[in-house]
Structure formats: C-alpha cells, structure tokens
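This briefing goes through the structure shown below by topic, beginning with its division into domains and then turning to sheets, core and loops.

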Amino acid sequence: MKRKVMKFICSDCKKEFKPDGDVYYLPANLMNGQKEPQWICPKCHKKWLDGWKVVRTVVNPPKYKNTHCTATCTLKNGKIFFFNPVRDYFNEDIPIDAMETARKAINDYIMESRKHEVDIAITDSFDEQSITGKDGTGNTIKVKFRHDRNGKLQIDDKALIGKDENFVNLFIKKIKEVF
Ligand SMILES: [Zn+2]
C-alpha cells in the first residue's frame, strides 16, 4: 500500500488548507447524513473562537425557589448564549472558555450574594431580649425587642437608624421569617 497525503477542505470556507498544528473537525454524524468528518481550517477555527468571546454576562437569579442561577452571555459575534449550569453541553459545539466564563460569573454572583445574607441570633433571657444581625461584609446590628399585649413582636427601631438600608431590610425580612 502506497502512502498518500490527506487533502483537507474546510467545511466552512470551502478552501483547501494545510494543517497548522491541531486539525479541528466535526465528527461524521450518520444521523444527519454526514458521512465524512467536517474539517475546519485554522482561520475558520480562530474566527469561531473569537466570535465566541464573551463580551457581557448577566446572571439571572433563580425564578422559583429551589432552582438555580443561569447566565445570559453576549458574544463578540453579536449572538446570545444562554448558559444553564445543570444542562449537559457535552455534545454541543461550544468553546470551553465561553462556558467557563459563564460558570465563573454565576459562582461570583452566588459568593457575592452570600456575603449579603443576614444571620440573626436571638437572646431571650430574664434580663435581655435582643436580636443581633450580621452579614458577610461586616454589617452588624443589635435591637431590643418585646412582645406586646397581643403577643406581637415589637422591635426597638432606634438601633436601625443610620444603618445601611439594604442591610436593615434583609435583617427585618429575616426576623419575619423566624418569628
Ligand atoms: Zn475555513
């Protein structure tokens, strides 16, 4: 058997190319009548990679309880890539970098929102009734409380004055969840 040279024709630009390091291709896929691998020339590969550069990422918080964040990425080629971390992208022709960018944005978002979560501790003893709140950014607060005649919780809101408004809102929300 005599050895021959493989002739590569790019499936994208239809031009012949000489391999320059790795040769990229989309594997043959009999399901859509693709009997041969689809070669991709270095130029078209680079163009594809470049087009997939993420220009902007917006993290979408969960719509419903117990679901997860997703990310909407605007790509350099003008398209939108909607990333869902629980979806399996194994067979999809998407650069790893784009997925990593989206995944990182989601992780950063989660870390950041955890910092703003408020934990509360309740002291309810003979000589002290107070609630202490703390978040991950150094905000702390301590308010006195009592129960009124109808058993309704009354907090002494003087301590809330001058505190970060967002922190106070999360603190109050947390108290309502607990009581
Ligand atoms: Zn090409």
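In this predicted model, the C-alpha centres of domain 2 and domain 3 lie 36 Å apart. The chain as a whole is divided into domain 1 (8-47), domain 2 (52-115) and domain 3 (119-178).

**Confidence**

- The average pLDDT of the chain is 93, and 100% of the residues score at least 70.
- Confidence reaches its highest value in β6, at 98, and its lowest in β11, where the mean is 89.

**The sheet β5-β6-β7 and helix α2**

- Three strands make up an open sheet in the order β5-β6-β7, and their pairing is antiparallel.
- Because β5 (54-60) and β7 (80-83) each have a single partner strand, they stand at the edges of this sheet, and one side of each is left without a neighbour in it.
- On average, and with direction ignored, neighbouring strands of this sheet are turned by 20° against each other.
- Six bridges connect β5 and β6 in the antiparallel sense; within this pairing, T57 has C73 of β6 as its bridge partner, and V58 has T72 of β6.
- Helix α2 packs on the sheet, where it touches β5, β6 and β7, and its direction makes about 40° with that of β5.
- On the other side of the pairing scheme, β6 is joined to β7 by four bridges, again with the two strands running antiparallel, and T72 has F82 as its bridge partner in β7.
- The hairpin of β6 and β7 has four residues between the strands, and in this hairpin G78 takes a positive phi near 90°.

**The largest nonpolar core**

- Nine residues form the largest nonpolar core, namely W52, V54, A71, C73, F83, A98, A102, A105 and I106.
- At least two residues of this core are supplied by each of β6 (70-75) and α2 (96-115), and the largest share, four residues, comes from α2.
- When its neighbours within four places in sequence are left aside, C73 is in contact with V54, T57, F81, F83, A98, T101 and A102; the bridge partner T57 is thus listed among these contacts.

**The sheet β8-β9-β10-β11**

- A further open sheet is formed by four strands in the order β8-β9-β10-β11, and here too the pairing is antiparallel.
- The edge strands of this sheet are β8 (119-124) and β11 (153-155), each of which pairs on one side only.
- From one strand to the next, the twist of this sheet averages 30°.
- Strands β8 and β9 (residues 129-134) run antiparallel and are joined by six bridges, and I122 has I131 of β9 as its bridge partner.

**A positive phi at K14**

- Most residues other than glycine have a negative phi.
- K14, a residue other than glycine, nevertheless has a positive phi, near 65°, and its place is in the loop between β1 (8-9) and β2 (16-17).
- Is K14 buried or exposed, given its C-beta neighbours inside 10 Å? K14 has 9 such neighbours and therefore counts as exposed, since the cut-off for an exposed residue is 12 or fewer.

Methods: Residues numbered from 1 in each chain as written. Predicted model: local features only at pLDDT ≥ 70, side-chain atom pairs only at ≥ 80, totals over all residues. Core = buried A, V, L, I, M, F, W, Y, C linked by C-beta atoms within 7 Å. Buried ≥ 20, exposed ≤ 12 C-beta atoms within 10 Å, placed from the backbone. Contact = placed C-beta atoms within 7 Å. Pairing = 2+ DSSP bridges. Axes fitted to C-alpha atoms, helices over the stretch in contact; angles between N-to-C directions. pLDDT = per-residue confidence, 0-100. Domains from an automatic or database assignment.
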